[in-house]
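Here are a few exercises to work through with the model open beside you. Try each task before you read its solution.

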Amino acid sequence: MKLVFWIVVALVAAVLALFAMSNREAVVFGLWPLPFELDLPLYLAILGAALIGFISGVLTAWMGGRHRRRENRRRGHRIAALERELAAREAQRPDPRETAPARLAARG
């Protein structure tokens, strides 16, 4: 599985390198209300926009999953408490092998 991962990473890196080499022309990057402009290679402008989109998507998904993470944390605490309670009850319960002869003697 690690081999497949590294093959995919190498292919993506090769595609990005080819993209960057093919799109080196300079473009003027400006944000309309702001008074400054940047001269950037085209690949930086496109990859920068893709990176900003990827990061915003990851943050949106992470914030959207906070309810699930909170519920999983609550369930984990509840499971730990129930396991402690079960261990305490099993420690209090007498061993059936020890009490069986006493019950037989009481019958007979």
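**Warm-up: the whole chain**

The protein chain exposes about 10,000 Å², and carbon and sulfur atoms supply 68% of that area (Shrake-Rupley method, 1.4 Å probe; for residues, only the protein chains shown count as cover). This is a predicted model, where local features need pLDDT of at least 70 and side-chain atom pairs count only at pLDDT 80 or more, while totals for chains, interfaces and linings use all residues. Residues are numbered from 1 along each chain as its sequence is written, and side-chain values use heavy atoms, leaving out hydrogens and water.

**Exercise 1.** Work out which pattern the protein chain follows along the sequence.

*Solution.* Start by counting elements: the chain has four helices and two strands (DSSP runs, numbered from the N terminus: helices are H or I with at least four residues, strands E with at least two). Then read along the sequence, and you get α-β-β-α-α-α.

**Exercise 2.** Describe how strand 1 and strand 2 are joined.

*Solution.* Look at direction first: the two strands run antiparallel, and five bridges join them (strands pair if DSSP finds at least two bridges between them). Next, take one bridge: valine 27 has leucine 40 in strand 2 as its partner. Finally, check the connection: the strands form a hairpin with six residues between them.

**Exercise 3.** Is asparagine 23 buried or exposed?

*Solution.* Locate asparagine 23 in the loop between helix 1 (2-22) and strand 1 (26-30). Asparagine 23 counts as buried because its relative accessibility is 17% (buried is under 20% relative accessible area, exposed over 50%, partly exposed in between; 1.4 Å probe, protein chains only). Now list its contacts, leaving aside neighbours within four places in sequence: Pro41, Leu42 and Tyr43 (contact means heavy atoms within 4.5 Å). For context, 3% of the 108 residues in the chain count as buried.

**Exercise 4.** Find the aromatic pair and classify its geometry.

*Solution.* There's one such pair in the structure. Phenylalanine 5 and tryptophan 6 make it up, at 5.1 Å centre to centre with 75° between the planes, so call it edge-to-face (ring centres of Phe, Tyr and Trp, the latter by its six-membered ring, lie within 6.5 Å; planes under 30 degrees apart are stacked, over 60 edge-to-face, the rest tilted). As for exposure, phenylalanine 5 is partly exposed at 49%, whereas tryptophan 6 is exposed at 55%.

**Exercise 5.** Place tryptophan 62 and say how accessible it is.

*Solution.* Tryptophan 62 sits in helix 2 (residues 42-64). With a relative accessible area of 52%, tryptophan 62 is exposed.
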